[in-house]
Amino acid sequence: MPYWYDHPMAGWVGPAFLIVAILIVLGAAVTITVLLRRLPASASDRDAAFRILRERFARGEIDQEEYDRRREALRR
């Protein structure tokens, strides 16, 4: 009796391929999300951080040494 596919084992190849393809797409989505979240802060965020640091130094909340240490940390 002829089958609609080549051999009797071909019946599981389609669903197995679909599962593998879904896992690959989900893995790629997770990888892209993780990589995008690890991007450095935008320039506006960095500018805001420097502004806050300068304001705290101007108000006397932190001393020169603390200011320099934090400024260097923000530049990285």
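**Close-up views of a three-helix chain**

The count of salt bridges in this chain comes to 7. The model shown here is predicted, and the legends below walk through it one view at a time.

**Figure 1. The whole chain holds 3 helices and 0 strands.** Followed along the sequence, the pattern reads α-α-α. Helix α1 covers residues 13-37, while helix α2 takes in residues 43-59 and helix α3 residues 64-75. Of the 76 residues, 7% count as buried. The chain exposes about 6900 Å², and 65% of that area is supplied by carbon and sulfur atoms.

**Figure 2. Phe57 and Tyr67 form a stacked aromatic pair.** A search of the whole structure finds 1 aromatic pair, and here it is. The ring centres of Phe57 and Tyr67 are 4.6 Å apart, with 25 degrees between the planes. The pair counts as stacked because its angle falls under 30 degrees. Phe57 sits in helix α2 and Tyr67 in helix α3, so the pair ties together parts that are 10 residues apart in sequence. How exposed or buried are the two partners? Phe57 is partly exposed, at 31% relative accessibility, whereas Tyr67 counts as buried at 13%.

**Figure 3. A closer look at the surroundings of Tyr67 in helix α3.** Leaving aside residues up to four places away in sequence, Tyr67 touches Leu53, Arg54, Phe57 and Ile62. Of these, Phe57 is the stacking partner from the previous view. Arg56 is worth finding here too: its C-alpha is 8.6 Å from that of Tyr67, and the two residues are 11 apart in sequence.

**Figure 4. Glu66 and Arg69 meet in a salt bridge within helix α3.** Their side chains come to 2.7 Å, N to O. The two residues are 3 apart in the helix, which means about one helical turn separates them. Which partner is buried and which is exposed? Glu66 counts as buried, at 18% relative accessibility, while Arg69 is exposed, with a relative accessible area of 52%.

**Figure 5. Asp68 and Arg71 make a salt bridge in helix α3.** The N to O distance is 3.4 Å. Asp68 and Arg71 are 3 residues apart, about one turn of the helix. Asp68 is partly exposed, with a relative accessible area of 26%, and Arg71 is also partly exposed, at 22%.

**Figure 6. Glu72 and Arg75 are joined by a salt bridge in helix α3.** Here the side chains meet at 3.2 Å, N to O. Again the spacing is 3 residues, about one turn of the helix. Arg75 is exposed, with a relative accessible area of 52%; Glu72 is partly exposed, at 36%.

**Figure 7. Arg56, Arg59 and Glu61 are linked in a network of salt bridges.** Side chains of opposite charge can pair when their charged atoms come close. While looking at this network, you can pick out Arg56 again as the residue whose C-alpha is 8.6 Å from that of Tyr67.

**Figure 8. Five residues make a nonpolar surface patch of about 510 Å².** The patch is made by Leu18, Ile19, Ile22, Leu23 and Leu26. To get your bearings, start from Leu26, which lies in helix α1. Is Leu26 buried or exposed? Leu26 is exposed, because its relative accessible area of 51% is over 50%.

Key:
Residues numbered from 1 in each chain as written. Predicted model: local features only at pLDDT ≥ 70, side-chain atom pairs only at ≥ 80, totals over all residues. Heavy atoms only, no water. Phe/Tyr/Trp six-rings, centres within 6.5 Å; stacked < 30°, edge-to-face > 60°. Helix = DSSP H or I, 4+ residues; strand = E, 2+ residues; numbered from the N terminus. Buried < 20%, exposed > 50% of the residue type's maximum accessible area, 1.4 Å probe, protein only. Contact = heavy atoms within 4.5 Å. Patch = residues over 30% accessible without salt bridge, like charges linked within 9 Å, V, L, I, M, F, W, Y side chains within 5 Å. Areas by Shrake-Rupley, 256 points an atom, 1.4 Å probe, with all protein chains shown as cover. Salt bridge = Lys/Arg side-chain N within 4 Å of Asp/Glu carboxyl O.
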